[in-house]
Amino acid sequence: MTFMQEAIKEAQKGIQRNHGGPFGAVIVKNNKVIAKAHNEVVKQNDPTCHAEMLAIKNACKKLKRFNISDCILYTTCEPCPMCLAAIYWARIKKYYYGCKKQDAEDIGFIDKYIYDIIKNKKKKDHLEKKNIERSACLKVFKEWYNKYDKVQY
């Protein structure tokens, strides 16, 4: 079974259990699966419980580190912006995906819409944003920046 087939199997498990959408992810290190997950948005009532997010979390827990740059991700769909950001934060250097974001849009998911907002292709964004109390927040940033024993990530 290929690693992508493992991701597909995870996605099917999630679909059959009504845990969420048709998304599965597998993380591989040294040609061995170290973590796998499927979408659990519905199961956990949590919009952040995407397959990639959960697989990354499981891999980091297993490896006891937040930098998993020596791992490869296989996922059934092109990652949404949130998952793509997590891939960057985890320092993963390579990922393979099956379906494209347009395929996800075709079955009712909003990945492409979010990508379009990020790329400023959408004029109207339903999210209200306002910058407040920046100077107070900058004090906390400065405190962390000056902390001698911080762990940079």
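**Exercise 1. Y145 and its surroundings**

Task: Find the helix that holds Y145, decide whether Y145 is buried or exposed, and name the surface patch residues around this topic.

Solution:
- Step 1. Y145 sits in helix α7, which spans residues 134–146. The model is a predicted one.
- Step 2. The relative accessible area of Y145 is 61%. Exposed means over 50%. So Y145 is exposed.
- Step 3. Y145 belongs to a nonpolar surface patch. F66, W89, W144, V151 and Y153 are its other members. Together the six residues offer about 760 Å² of accessible area.

**Exercise 2. The overall plan**

Task: How many helices and strands does the protein have, and in what order do they come?

Solution:
- Step 1. Count the elements: seven helices and four strands.
- Step 2. Read from the N terminus: α-β-β-α-α-β-α-β-α-α-α.
- Step 3. Add the dimensions. The C-alpha atoms fill a box of roughly 55 × 40 × 25 Å along the principal axes.
- Step 4. Add the burial. Of the 153 residues, 36% count as buried.
- Step 5. Add the surface. The accessible surface is about 10,900 Å², and carbon and sulfur atoms make up 55% of that.

**Exercise 3. The sheet**

Task: Work out the strand order, and explain why β2 and β4 each have one side without a neighbour in the sheet.

Solution:
- Step 1. The sheet is open and has four strands, in the order β2-β1-β3-β4. Its pairing is mixed.
- Step 2. Look at the edges. β2 (32–38) and β4 (94–99) stand there, and each has a single partner strand, so one side of each lacks a neighbour in the sheet.
- Step 3. From one strand to the next, the twist averages 15°.
- Step 4. Recall how strands join: they pair through backbone hydrogen bonds, either parallel or antiparallel.
- Step 5. Apply this to β1 (residues 24–29) and β3 (residues 71–77). They are antiparallel and share five bridges. V28 faces I72 in β3.
- Step 6. Place a helix on the strands. α3 (residues 51–63) lies across β1, β2 and β3, at about 140° to β2.

**Exercise 4. Inside helix α6**

Task: Which residues of α6 are buried, and what covers them?

Solution:
- Step 1. α6 covers residues 111–118, and its buried residues are D111, Y115, D116 and I117.
- Step 2. Their cover includes α4 (81–89) and α5 (101–106).
- Step 3. Go just past the helix. N120 has a positive phi of about 60°.

**Exercise 5. Salt bridges**

Task: How many salt bridges does the structure hold, and which parts does the D70 pair tie together?

Solution:
- Step 1. The count is seven. Side chains of opposite charge can pair when their charged atoms come close.
- Step 2. D70 bridges to K29, with the closest N and O atoms 3.6 Å apart. D70 is in the loop between α3 and β3, and K29 is in strand β1, so the pair ties together parts 41 residues apart in sequence.
- Step 3. Extend the pair. K29, R65 and D70 form a salt-bridge network. D70 is partly exposed, at 36% relative accessibility.
- Step 4. Turn to K112 and D116, whose closest N and O atoms are 3.0 Å apart. Both lie in α6, four residues apart, about one turn of the helix.
- Step 5. Judge the burial of this pair. K112 is partly exposed at 26%. D116 has 10% relative accessibility and counts as buried.
- Step 6. Finish with D149 and K147, whose closest N and O atoms are 2.7 Å apart. D149 is partly exposed at 43%, and K147 is partly exposed at 40%.

Terms used. Residues numbered from 1 in each chain as written. Predicted model: local features only at pLDDT ≥ 70, side-chain atom pairs only at ≥ 80, totals over all residues. Heavy atoms only, no water. Pairing = 2+ DSSP bridges. Helix = DSSP H or I, 4+ residues; strand = E, 2+ residues; numbered from the N terminus. Axes fitted to C-alpha atoms, helices over the stretch in contact; angles between N-to-C directions. Contact = heavy atoms within 4.5 Å. Patch = residues over 30% accessible without salt bridge, like charges linked within 9 Å, V, L, I, M, F, W, Y side chains within 5 Å. Areas by Shrake-Rupley, 256 points an atom, 1.4 Å probe, with all protein chains shown as cover. Salt bridge = Lys/Arg side-chain N within 4 Å of Asp/Glu carboxyl O. Buried < 20%, exposed > 50% of the residue type's maximum accessible area, 1.4 Å probe, protein only.
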